[in-house]
Amino acid sequence: MSLDPFANLPADLPSFVTHLECSITGERYDADVLHGLSRVGRPLLVRYDLPGVRAALTREVLAARPADLWRYRELLPVRSPANIVSLGENATPLLTLDRVGAARNARAPIVKDEGRLPTGSFKARGLVMAISMAKALGVRTIAMPTNGNAGAAAAAYATRAGIEAVILCPDDTPEINVREIAAQGARVYRVNGLIDDCGAIVGAACKANGWFDLSTLKEPYRIEGKKTMGLELAEQLGWTLPDAIFYPTGGGTGLIGMWKAFDELEAIGLIGPERPRMYAVQAEGCAPMVRAWEAGERHADRWEDAHTVAAGIRVPRAVGDFLILDAVRESGGAALAVSDAALLAAVDEAAGDGVLLCPEGGATLAAYDRALTDGLVARDDRVVLFNCATGLKYPMPDRSRTLDRHGDIDLAAL
Ligand SMILES: *Cc1c(COP(=O)(O)O)cnc(C)c1O
C-alpha cells in the first residue's frame with residue numbers, strides 16, 4: 001500500500017466545476033481564475049455539472065475510497081492532485097452523549113467531533129480547499145484575520161504549499177492559537193481590536209501588497225471544504241439526515257456549506273428532499289444572527305462590544321449573514337443565543353460522557369438544552385451537535401489534588 005493517498009489518482013481529477021456564481025445576484029464568473037468577492041461584494045459559490053457528478057459519484061464508487069474528505073472529489077473544486085495540499089483530512093466520528101440524553105429522558109444527542117482534524121479544528125476542511133486552490137491559481141502570499149483556529153489551519157496548509165501567510169488576530173486570542181500560528185510558519189500580528197477590525201487591515205494590506213485575502217467567505221473555496229461536513233454526515237447516517245443540526249456560528253461557513261451540500265446530494269440522487277432544521281448557535285455576548293433572526297431581517301447589523309469565552313464564535317459581523325439566515329429560515333430552524341455560563345456548564349456535562357468539547361461545542365449542547373425546554377426539538381429527535389475544535393486547545397479548570405510521597409498516604413481515601 002502506498003503511503004501517498006493521492007498516488008493512484010489520475011493526473012487530472014474528473015472535474016465537474018462549471019462556473020462560480022454570485023450568492024446574491026446569481027451573476028456568473030469563470031472558474032479557474034482567482035476571485036475574491038463578487039462585484040457587489042458578496043460571496044461567490046462554486047457550481048458543478050451535477051448530472052455529470054450524479055453519473056460519476058455513486059455509492060459503489062464511494063465504498064471503495066478512503067475515509068477522508070477527498071472521497072467526495074467530484075463535488076470539490078481542485079482539478080489536479082498535484083495541487084492538493086493535504087495534512088490527512090480524515091473523516092470525523094459521530095459520538096453519542098448517552099448520559100446527557102438519559103438525564104433529559106431524550107434520545108442521546110450525537111456529537112460530530114471535528115477536533116480530530118489536522119490542526120485540531122474543522123477550519124482544516126475549509127483551509128485545505130482554499131490553500132489548494134490558491135496554489136492551483138498561483139497565489140504567493142495570503143493574509144487573513146482570525147480568532148485563532150482558522151489562522152492555525154491557514155498557517156499549516158500555506159507553509160506546506162510554500163505560500164507565505166500573514167495572519168492578524170485580536171490581541172486576546174487564546175495564547176495557544178497565537179503560538180501555533182507562528183509555530184507553523186506564518187507571520188502573526190496581535191491587533192487591539194476584534195476580528196472585523198483585523199479584517200479591515202488585512203483588506204488594506206492585500207490591496208497595497210498584492211496579497212490574496214483569505215478571509216471567511218471572501219474567497220469561494222472555504223465553503224466547498226466546509227461543505228464536506230454535510231456530505232460526510234449524510235453518508236455516515238446511511239444517506240439520511242438528522243432532524244436537527246446545532247452549529248456554533250461565527251462567519252457561518254459550515255452552516256452555509258452544509259446547506260449547499262444537502263442540495264447537491266439531492267441533485268445527484270443520494271438523498272431526498274428532507275432537510276434537518278438548522279440551528280445557528282451564538283453566545284449572548286455576540287449574537288448578531290440571533291438579533292437579526294428575531295427581528296425577521298435578512299442582514300445583520302454589527303454587534304458592538306462583542307465578548308464571549310467562545311472565541312471561535314466572537315464574530316461581530318458576517319459577510320454571509322443572509323446565507324446563514326436564509327438557511328435557518330428555509331430549514332424551519334432558529335438562531336439561538338446561550339450564556340457563557342451555560343456553555344461552560346455544557347462542556348463539563350459532556351465530559352461526563354468522556355467527550356471533551358471546546359467552548360463553542362459546549363454552546364451547541366447548551367442551545368440543544370434550550371431548544372428541548374422550549375419545545376423546538378422533540379425528545380426522540382435525532383440531533384447532531386458540532387464540536388468544531390479539540391477541547392485540548394482551551395483552558396480547563398484545575399481540579400487536581402496533591403499527594404506528599406514522603407508522608408502517610410491514606411490509600412483507602414484516594
Ligand atoms: C471558527 C470556529 C467556529 C465558527 O465557524 P464558522 O463556520 O466560521 O461559523 C466555531 N467553533 C470553533 C471552535 C471555530 O474555530
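These are my notes on three helix pairs and the ligand site of a predicted model.

**Entry 1: ligand site**

I began with the ligand and listed what lies around it. I found 19 residues surrounding the ligand, and the closest are Lys123, Asn149, Tyr247, Gly250 and Gly252. I then looked up polar atoms facing oxygen atoms of the ligand. For Asn149, a polar side-chain atom lies 2.9 Å from a ligand oxygen. For Gly252, it is a backbone N or O atom that lies 2.6 Å from an oxygen atom of the ligand. Thr253 also places a backbone N or O atom by a ligand oxygen, at 3.1 Å.

**Entry 2: H8 and H9**

Thr253 led me to helix H9, which covers residues 253–267. I checked H9 against helix H8, residues 222–236. Their axes come within 7 Å and cross at roughly 60 degrees. Angles of 65 to 115 degrees count as roughly perpendicular, so I entered H8 and H9 as oblique to each other. The crossing of H8 past H9 is right-handed.

I wrote down who touches whom. From H8 the contact takes Arg222, Ile223, Glu224, Lys226, Lys227, Met229, Gly230, Leu231 and Ala234. From H9 it takes Thr253, Gly254, Ile256, Gly257, Met258, Lys260, Ala261, Phe262, Glu264 and Leu265. Sorted by class, this contact has 9 nonpolar, 4 polar and 6 charged residues. Thr253 is therefore in my notes twice, once for its backbone atom 3.1 Å from a ligand oxygen and once for its place in the contact with H8.

**Entry 3: H10 and H11**

Next I took helix H10 (residues 288–295) and helix H11 (residues 321–331). The two axes come within 11 Å, with a crossing angle of roughly 55 degrees. That makes this pair oblique. H10 passes H11 in a right-handed crossing.

On the H10 side I listed Met289, Ala292 and Trp293. They meet Asp321, Ile324, Leu325, Val328 and Arg329 of H11. The residues of this contact divide into 6 nonpolar, no polar and 2 charged.

**Entry 4: H12 and H13**

Last, I looked at helix H12 (residues 340–351) with helix H13 (residues 359–373). How do these two helices cross? Their axes come within 7 Å at an angle of roughly 95 degrees, and H12 and H13 are therefore roughly perpendicular to each other.

H12 contributes Ala342, Leu343, Ala346, Val347 and Ala350 to the contact. H13 contributes Pro359, Gly362, Ala363, Leu365 and Ala366. My class count for this contact is 9 nonpolar, 1 polar and no charged residues.

Definitions and conventions
Residues numbered from 1 in each chain as written. Predicted model: local features only at pLDDT ≥ 70, side-chain atom pairs only at ≥ 80, totals over all residues. Heavy atoms only, no water. Axes fitted to C-alpha atoms, helices over the stretch in contact; angles between N-to-C directions. Helix = DSSP H or I, 4+ residues; strand = E, 2+ residues; numbered from the N terminus. Parallel < 35°, antiparallel > 145°, perpendicular 65-115°, else oblique. Contact = heavy atoms within 4.5 Å. Nonpolar A, V, L, I, M, F, W, Y, C, P; charged D, E, K, R; others polar. Left-handed = near helix turned anticlockwise from the far one by under 90°. Near = heavy atom within 4 Å. Polar contact = N/O pair within 3.5 Å; in protein donor to acceptor, adjacent residues only side chain to side chain.
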